[in-house]
Amino acid sequence: MSLENASPPVLDAGRRNSESPQMSDAPFKSEFLKTLQTRGYIHQVSHPEELDAAATAGPISAYIGFDATAPSLHVGSLIQIMMLRRLQQAGHKPVVLMGGGTTKVGDPTGKDESRKMLTDADIAANMAGIRTVFEKFLTFGDGPTDAVMVNNDDWLSKLGYVEFLREYGPHFTINRMLTFDSVKLRLEREQPMTFLEFNYMLMQATDFLHLHRNMGVQLQMGGSDQWGNIINGMELVRRMDQKAAFALTTPLLTTSSGAKMGKTASGAVWLNADMLSPYDYWQFWRNTEDADVGRFLRLFTDLPLDQVAVLESLPGAEINEAKKVLANEATRLLHGQDAADSAAQAALAAFEQGKLSADLPTHETPRADLEAGIVLAALATDAGLAGSRGEARRLAQGGGLRVNDKAEPDANRTVTTADLVDGVIKLAAGKKKIVLIKPV
C-alpha cells in the first residue's frame, strides 16, 4: 500500500502564525500544545485532536532531527531546540536525533546543489560540538522525561540495499515524491538532483518508524520546509504498524523585514561560543527589529507571557529596553548568566560610556599590513562590520562608520598603526556594531 493518497487532518496556522500567537481557535487541553500555540510555534499539526488527547493523557515522546553538517548549529535551528525545551517543560520526553547517517546523503530541501560529502570523522566531530548546545537547553538522563540523543547511522548503515527497497520501497511512489517542494523546486530550477539525495526522504521516514518501534516515539517535529518529509514518516508508521503517529511544524522564521533568521552581513549566528562569542550573540538579539521583539521574546525566552506583553508594548525608544531583556535572556539560556552579564556590561561601556572592554569582539590583522596601511572599507568588511566594500562606503558617507569614536566619511582612507589607541583600533558601524582591530 502506498502513501500517495494519504491526507491526514491538519491544523494549518499558515501566515497568521508569524503575525500573532493566536493563530487558531483550536481548544487545546494539553499544556504542551497550549504553550506552543500561545507562544507562536505551531504552523501545521496533523491529527490535532488526537495528538492533544495523547499529550493530555500522559508523557509522550517526540523527536526532531538535526544533520551534522557543521560543528555547530546556528540560530536558525534555535526555534526547534526551544520546541524540544517546551516539550520537556510540559512533562514529555525529547529525543534529539543526530543525522549521522542522513548527513552522508544530504537533505535536498531548499538546496540548489548537492551537499558536500563529509567523512565519518568529520561527522563525529560535528556531532560532538552540537551536543554541547543541547545540554544547555535540555536535561539529559535515564528518567521518563529526560532527553536522549540518538544517531540514525546506528540503524541506517545496517540496512542492506535490497532489504531497504523491499521493506520500504512499496510504501512510496515516485509520483508523490515528485510533488514535494524539496524535489519539485530543484527540478523547476533545472538544477541536478542525484539519486542519492532523492533517497533522503525515504531514509528520514524510516527514522520515524525505527524510533516509534524502539523508543515509542509518537511525534516528529521540525520546520515547515520539512512537512513533506515528516508526513512521509508519520504515514509510514500508521500504515505499517497501524499505530498513532503525529507531525508538527513551526513557521519558517524570517524577520519583519523579510531577512532569513540566523544570517547577518558577517555570516551565520552560530550557537557554539568558539564560533561566535557570547558578546556577538548578545548583540544579535539586541539588534532585533522593533516589530519582532514580542515574537522573539515568546519564542526564544522563558519569560512569562504577561511580562512579554508589557515589554513589547513599550512606546518609542523604550522598546530598546525590551531588546536588552531579549538579549540578556537569550544569551543566558545559551551561554549562562555570567556571560550574559559580561556582554551587557561590555555593550553598556562601549556604546553608552564610550569605553573599551575585553569582552568586545576583536579582529586580528597582521601588523605588517597595518604598517603598510589598509583601506578602511576593506578593513570594515573583513571585520564583519559591512557585507561588502560598497556597503562600507555607503555607511561612511552616511556618517555611520567610526574610527576610534570619530565619524569617518572617507571609506577609502587608509588605516595604519598610527590609529592604534592602547594597542587596538576601535571600529564601529552605526550605533550597534563595534570591533577592536588588534595587530598580530
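Here is a short conversation about a predicted model, covering a pair of helices, a loop residue and the cores.

Reader: What makes helices H2 and H4 oblique to each other?

Author: Their axes cross at roughly 140 degrees. Over 145 would count as roughly antiparallel, and 65 to 115 as roughly perpendicular. The angle fits neither of these, so H2 and H4 are called oblique. The axes of H2 (residues 31–39) and H4 (residues 78–89) come within 9 Å, and H2 passes H4 in a right-handed crossing.

Reader: Which residues of H2 and H4 meet there?

Author: From H2 come Glu31, Phe32, Thr35, Leu36 and Arg39, and they meet Met83, Arg86, Leu87 and Gln89 of H4. Sorted by kind, the residues of this contact are four nonpolar, two polar and three charged.

Reader: Why is Gln226 called buried?

Author: Its relative accessible area is 14%, and buried means under 20%. Gln226 is therefore buried. You will find Gln226 in the loop between strand S6 (219–223) and helix H12 (227–241). From Gln226 to Thr249 there are 23 residues in sequence, yet their C-alpha atoms are 7.6 Å apart in space.

Reader: Which residues touch the most other members of the largest nonpolar core?

Author: They are Tyr281, Trp285 and Phe300, in a core of 73 residues. Leaving aside neighbours within four places in sequence, Phe300 is in contact with several residues, among them Tyr41, Leu78, Met261, Trp285 and Leu333. There is also a second, separate core of 22 residues, including Tyr63, Val95, Met234 and Met240. In soluble globular proteins, nonpolar side chains tend to be buried together.

Definitions and conventions:
Residues are numbered from 1 along each chain as its sequence is written. This is a predicted model: local features need pLDDT of at least 70, side-chain atom pairs count only at pLDDT 80 or more; totals for chains, interfaces and linings use all residues. Side-chain values use heavy atoms; hydrogens and water are left out. A nonpolar core is a set of buried Ala, Val, Leu, Ile, Met, Phe, Trp, Tyr and Cys residues joined through side-chain atoms within 4.5 Å. Buried means under 20% relative accessible area, exposed over 50%, partly exposed in between (1.4 Å probe, protein chains only). Contact means heavy atoms within 4.5 Å. Axes are lines fitted to C-alpha atoms, for helices over the stretch in contact, and angles run from 0 to 180 degrees between N-to-C directions. Helices (H or I, at least four residues) and strands (E, at least two) are DSSP runs, numbered from the N terminus. Angles under 35 degrees count as roughly parallel, over 145 as roughly antiparallel, 65 to 115 as roughly perpendicular and the rest as oblique. A crossing is left-handed if the near helix is turned anticlockwise from the far one by less than a right angle, and right-handed if clockwise. Ala, Val, Leu, Ile, Met, Phe, Trp, Tyr, Cys and Pro count as nonpolar, Asp, Glu, Lys and Arg as charged, and the others, Gly among them, as polar.
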